[in-house]
Amino acid sequence: MTRLRRLFIFVLPLMLTQCSRGTSVLVIETEDNAVYLAADALQTESLSGRPHRMCKILKLDGNAYWAAASNFYKTNAGFSVEEIVASLGAEGTIDSRIQRFIAAVRAPLAWQVALIEEARPKEYANYLAHTHTPLEIAFVGFENGRSRWAVTRFYVKKIMGTLVIDPYIEPRYEPPTTTGVGFWGPAAHHITGNISQFNANPTKTIIKGLQKAASVDPKGVGGPYAVLRIDARGHTWTQ
């Protein structure tokens, strides 16, 4: 049984930034050497604003998966998070692949953000103020006998008139830990406030957390919800 004697939450990124539009993704590493990746299914198209449902947890390869939150998940201008992830290849560790993703995404993401300066000035200003991020992504997996995860948030800076993407790789601490991407704060708070329920039924507690996020932001977060557990035995879709 999964046991959590304590559950840390990274408060600083949670309180200071969020993705501009919806998506709630949780990453939970437990003391029994497992990692959960959970996500809602509501996705809003960047330009049209039309909502649709999709599975946001996608496979890297083997026992490695990823999920992202972005206003630019796939745009009419040709930017696609999925295509950039697919270009990385299957080689390397979670850490090396997140580094390759950072190298591959910085220039096209900066170009995509620059395109909205006139069309969506408020959103553009939020990126420069670091109150919002244009992209956050989580890679999770199991390697060398250990559960692994990497969460990266991409900030926007302007240096001498040029937009620059500044990635922040969240530090990893000894498990148990809870983090996420997108609008993950309410979901994480639900779990940290109900540890005994998590110990008894992790999946049910995670889903209730995601539902809590949806109740706060019903236009940005919504079901159905997916929950994936990765451990030494492989990966299991628990929901």
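## Exercises on a predicted model

Asn 71 counts as buried, at 3% relative accessibility. The model is predicted. Work through each task with the structure open.

**Exercise 1. Place Asn 71 in the chain and find a polar partner for its side chain.**

Step 1. Find the loop between β8 (64-70) and α2 (81-86); Asn 71 sits there.
Step 2. Check burial. The cut-off for buried is under 20% relative accessible area. Asn 71 has 3%, so this residue counts as buried.
Step 3. Look at the side chain. Asn 71 makes a polar contact with the side chain of Glu 123, at 2.6 Å.

**Exercise 2. Trace the open sheet of five strands and name its edges.**

Step 1. Follow the order: β7-β8-β10-β11-β12. The pairing is antiparallel.
Step 2. Look for strands that pair on one side only. These are β7 (58-61) and β12 (162-169), the edge strands.
Step 3. Add the twist. From one strand to the next, it averages 25°.

**Exercise 3. Describe how β11 pairs with β10 and with β12.**

Step 1. Start with β10 (residues 135-143). Nine bridges join this strand to β11, and the two run antiparallel.
Step 2. Pick out residue pairs. Ile 137 has Thr 152 of β11 as its bridge partner. Gly 141 stands opposite Arg 148 in β11.
Step 3. Inspect the turn. β10 and β11 form a hairpin with two residues between them. In that turn, Asn 144 has a positive phi of about 50°.
Step 4. Go on to β12. Eight bridges join β11 to β12, again antiparallel. Phe 154 stands opposite Pro 167 in β12.
Step 5. Inspect this turn too. The hairpin of β11 and β12 has two residues between the strands, and Met 160 takes a positive phi near 50°.

**Exercise 4. Give the angles that α3 and α4 make with β11.**

Step 1. Take α3. This helix lies across β7, β8, β10, β11 and β12, and runs at about 25° to β11.
Step 2. Take α4 (residues 121-128). This helix lies across β11 and β12, at about 110° to β11.

**Exercise 5. Classify the ring pair of Phe 101 and Phe 154.**

Step 1. Note the setting: the structure holds six aromatic pairs.
Step 2. Read the geometry. The ring centres of Phe 101 and Phe 154 lie 5.9 Å apart, with planes at 70°. Rings pair if their centres lie within 6.5 Å, and planes over 60 degrees apart count as edge-to-face. The pair is therefore edge-to-face.
Step 3. Locate both rings. Phe 101 is in helix α3 (residues 94-114) and Phe 154 in strand β11 (residues 146-159). They are 53 residues apart, so the pair links distant parts of the chain.
Step 4. Check burial. Phe 101 has 0% relative accessibility and counts as buried. Phe 154, at 0%, counts as buried too.
Step 5. Widen the view. Phe 101, Phe 139 and Phe 154 form one aromatic cluster.

**Exercise 6. Map the largest nonpolar core.**

Step 1. Count its members: 31 residues.
Step 2. List those that touch the most other members. They are Trp 66, Val 81, Phe 101, Leu 109, Ile 137, Phe 139 and Phe 154.
Step 3. Find the sources. β8, α2, α3, α4, β10, β11 and β12 each give two or more residues. The largest share, eight residues, comes from α3.
Step 4. Zoom in on Ile 137. Among the residues it touches are Trp 66, Val 81, Phe 101 and Phe 154.

How values were computed
Residues numbered from 1 in each chain as written. Predicted model: local features only at pLDDT ≥ 70, side-chain atom pairs only at ≥ 80, totals over all residues. Heavy atoms only, no water. Phe/Tyr/Trp six-rings, centres within 6.5 Å; stacked < 30°, edge-to-face > 60°. Helix = DSSP H or I, 4+ residues; strand = E, 2+ residues; numbered from the N terminus. Buried < 20%, exposed > 50% of the residue type's maximum accessible area, 1.4 Å probe, protein only. Polar contact = N/O pair within 3.5 Å; in protein donor to acceptor, adjacent residues only side chain to side chain. Pairing = 2+ DSSP bridges. Axes fitted to C-alpha atoms, helices over the stretch in contact; angles between N-to-C directions. Contact = heavy atoms within 4.5 Å. Core = buried A, V, L, I, M, F, W, Y, C linked by side-chain atoms within 4.5 Å. Lists of a residue's contacts leave out its neighbours within four places in sequence.
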